[in-house]
Structures are given as structure tokens and as C-alpha cells.
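I opened the file to look up side-chain pairings and surface exposure. My notes follow in the order of looking.

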Amino acid sequence: MGAQLGVLALQAREQAQGLAQRAQQREQAIIDNDAAAAALEAWATFGAAQLAMLEGAAQAALAPRVDHLQRLATLRRIEGGQWQLLQEQDEALLRRFVRIHDVLLPAWRQAALARQAQAQAAQATQAATLQAQIDDEVAAAQARLR
């Protein structure tokens with residue numbers, strides 16, 4: 001997985017950017033939803049005020065509509081609360097991603113550089129060993145020729 005961490009980090013950044021964009025869109029939807037709920041509540045309040053002035057059949061006809069407006073306003077408020085919870089969860093997820101990204105990626109890079117340095121050191125040691133063996137063989141061959 002360490003070999004794929006760079007690609008995975010890039011994919012995670014892309015996903016985080018997409019989530020941030022959707023969060024901005026959702027924020028506007030939350031604002032619009034609150035405005036709709038407020039408008040429904042205003043209409044329900046106006047209708048309730050009108051109920052007191054009406055008589056009989058008109059009052060009986062308007063009362064269910066006022067109740068319906070109040071229920072719609074309540075549903076909008078509940079829906080807005082659910083959207084807000086999702087928004088808060090997404091924001092928490094994005095904050096967590098940033099913390100992980102800010103710690104994990106530098107640590108991974110540092111570990112990769114350390115592994116690369118170790119590999120180069122091992123390769124240099126192996127090259128020195130091989131060079132010493134070659135020198136020994138050449139010296140032995142020269143000794144036999146003398």
C-alpha cells in the first residue's frame with residue numbers, strides 16, 4: 001500500500017474537493033430551505049389570523065389549509081435540520097482529511113526518502129564490496145603471473 005500512497009492521496013484530495021463543492025451547494029440549499037420554511041410559517045400565521053375573522057364554512061375550509069401549511073413548515077424545518085447535520089458531518093470529515101493529509105503525506109514522503117537513501121547506501125556498499133572483490137581477483141591474477 002505504501003507504493004500506492006501517492007495515488008491514493010491524490011484520489012483522496014479529489015474526493016475531498018468534490019465533497020467541499022457539494023457542501024457549498026448544500027449550504028445554499030439549507031438557506032433556501034430555511035427561507036421556504038419561514039415563508040410557509042408566515043402564510044400559516046396569516047391564515048390563522050384570518051380564521052378568527054371568518055365564519056362557519058369559510059373557517060372550516062381555511063382551517064385544514066392552515067394546518068397543512070403549518071405541517072409543511074414543520075417538515076421543511078426538520079428537513080433543514082437533517083441537511084444541517086449532513087453538512088456538519090461533511091465539514092468534520094473534511095477537517096479530519098486535512099489533519100490526516102497534513103501529517104500522513106509528509107511522513108510518507110520522509111519514509112520514502114529514508115528508504116531511498118537506505119537503498120542507495122546498500123547499493124554503494126554492494127558496489128564497494130564488488131570493487132574490492134575485483135581488486136582482490138586482479139591482485140591474485142597478477143601474483144600468479146609474476
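I began with Asp67, which has a relative accessible area of 32% and is therefore partly exposed. The model is a predicted one, and I read every value below with that in mind. I then looked up the partner of Asp67: its side chain meets that of Arg71 in a salt bridge, at 2.8 Å from N to O. Both residues sit in helix H2, and because they are four residues apart, about one helical turn separates them. I noted Arg71 as exposed, because its relative accessibility is 54% and the cut-off for exposed is over 50%.

Next I looked up how many salt bridges the structure holds, and the count is four. I took the one between Asp90 and Arg26, where the side chains meet at 2.6 Å, N to O. This pair links distant parts of the chain, with Asp90 in helix H2 and Arg26 in helix H1, 64 residues apart. Are these two residues buried or exposed? I found Asp90 buried, and Arg26 is buried as well.

I went on to Arg77 and Glu41, which form a salt bridge with their closest N and O atoms 3.0 Å apart. Here too distant parts of the chain are linked: Arg77 belongs to helix H2 and Glu41 to helix H1, and their positions lie 36 residues apart in the count. I entered Arg77 as partly exposed, because its relative accessibility is 35%. Glu41 also goes down as partly exposed, because its value is 32%.

I checked whether partners are shared. Asp34, Glu41 and Arg77 are joined into one network by salt bridges that share partners.

Then I turned to His101, which I placed in helix H2. Which residues does His101 touch, leaving out those up to four places away in sequence? I found Arg13 and Pro106. With Arg13 there is also a polar contact between the side chains, at 2.8 Å.

My next entry is on aromatic rings. I counted one aromatic pair. Trp43 and Phe46 form this pair, which is edge-to-face, with 6.3 Å from centre to centre and 90 degrees between the planes. I call the pair edge-to-face because the angle is 90 degrees and the cut-off for that class is over 60. Both Trp43 and Phe46 lie in helix H1, which spans residues 5–51. They are three residues apart, about one turn of the helix.

I looked up the exposure of the two rings' residues as well. Trp43 is exposed, because its relative accessibility is 56%. Phe46 is partly exposed, because its relative accessible area is 47%.

Last, I looked for nonpolar surface. Which residues make the nonpolar surface patch? Leu72, Leu75 and Ile78 make it, and its area is about 260 Å². I located Leu72 in helix H2, residues 56–145. I put down Leu72 as partly exposed, because its relative accessible area is 31%. That value also lets Leu72 into the patch, because the cut-off for patch residues is over 30%.

To close the page, I list the pairs with their values.

- Asp67 and Arg71: salt bridge, 2.8 Å.
- Asp90 and Arg26: salt bridge, 2.6 Å.
- Arg77 and Glu41: salt bridge, 3.0 Å.
- His101 and Arg13: polar contact, 2.8 Å.
- Trp43 and Phe46: aromatic pair, 6.3 Å between centres.

Definitions and conventions:
Residues are numbered from 1 along each chain as its sequence is written. This is a predicted model: local features need pLDDT of at least 70, side-chain atom pairs count only at pLDDT 80 or more; totals for chains, interfaces and linings use all residues. Side-chain values use heavy atoms; hydrogens and water are left out. Rings of Phe, Tyr and Trp (its six-membered ring) pair if their centres lie within 6.5 Å; planes under 30 degrees apart count as stacked, over 60 as edge-to-face and the rest as tilted. Helices (H or I, at least four residues) and strands (E, at least two) are DSSP runs, numbered from the N terminus. Buried means under 20% relative accessible area, exposed over 50%, partly exposed in between (1.4 Å probe, protein chains only). Patches are made of residues with over 30% relative accessible area and no salt bridge: like charges are joined within 9 Å, nonpolar side chains (Val, Leu, Ile, Met, Phe, Trp, Tyr) within 5 Å. Accessible areas come from the Shrake-Rupley method with a 1.4 Å probe; for residues, only the protein chains shown count as cover. A polar contact is a pair of N or O atoms within 3.5 Å; within protein, one must be able to donate a hydrogen and the other to accept it, and residues adjacent in sequence count only if both atoms are side-chain atoms. Contact means heavy atoms within 4.5 Å.
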